[in-house]
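Reader: Mind walking me through the cysteines in this one? I'd like to start with the disulfides.

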Amino acid sequence: MTGSQETGRLFGRRTVVAAVGAAGVAAALTACGGSDSGSPSGTAAEKPAGGGAEAGGAAAGAVLAKTADIPEGGGKVFADQGVVVTQPTAGQFKAFSSKCTHQGCAVKEVANGMINCPCHGSMFDATDGTVKGGPAKQPLPAAAIKVEGDSITLA
């Protein structure tokens, strides 16, 4: 093999490696990017909450939990249904979309009166869904639930 053939082969490999690396970076930036409207992908955890059958694919009337499953002063995320249910005070239950309004990540926990998004650190008040820590600027939308006896269902 001549020197120019070897140079051409190495250049070709380098080009392929660089292109693959650039594609990976572009994919990572696309996954983390987006607008504050948070309207991209459409996974079950990102579908609108509180709209009956639209709430993550669960039908209205589907039992989410027993009231005893939701700790007072805390809450529980129902990722498959796209909702988070909280109990700010004894016997008072609230529900919100589990989709962060910053970039659409699913919130993961309710702790210390806050609904927390792990992606960029947004925090929402568990009582009313308002933003308590950014980068999110919009509150979590309320979701419709019904509490009957000891059951919490999607309304």
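Author: Sure. A disulfide here is a pair of cysteine sulfur atoms within 2.5 Å. Keep in mind that this is a predicted model.

Reader: OK, how many disulfides turn up in the whole structure?

Author: The search finds 1 disulfide.

Reader: Which cysteines form it?

Author: Cys105 and Cys119, with their sulfur atoms 2.2 Å apart.

Reader: And what does the bond tie together?

Author: Cys105 sits in the loop between β4 (92-97) and β5 (109-111), while Cys119 is in the loop between β6 (114-116) and β7 (123-125), so the pair links parts that are 14 residues apart in sequence.

Reader: Left-handed or right-handed?

Author: Left-handed, because the torsion about the S-S bond of Cys105 and Cys119 is about -105 degrees.

Reader: Is that pair buried or exposed, Cys105 to begin with?

Author: Cys105 is buried, at a relative accessible area of 19%; the cut-off for buried is under 20%. Cys119 comes out as partly exposed, with 37%.

Reader: Switching topic: why is Cys100 not bonded to Cys117?

Author: The Cys117 sulfur is the closest cysteine sulfur to that of Cys100, but the distance is 3.8 Å, which is too far for a bond. Seen from the other side, Cys117 is in no disulfide either, and its nearest cysteine sulfur is that of Cys100.

Reader: Where does Cys100 fall, buried or exposed?

Author: Cys100 is buried, with 3% relative accessibility. Cys117 also counts as buried, at 6%.

Definitions and conventions
Residues are numbered from 1 along each chain as its sequence is written. This is a predicted model: local features need pLDDT of at least 70, side-chain atom pairs count only at pLDDT 80 or more; totals for chains, interfaces and linings use all residues. Side-chain values use heavy atoms; hydrogens and water are left out. Helices (H or I, at least four residues) and strands (E, at least two) are DSSP runs, numbered from the N terminus. Buried means under 20% relative accessible area, exposed over 50%, partly exposed in between (1.4 Å probe, protein chains only).
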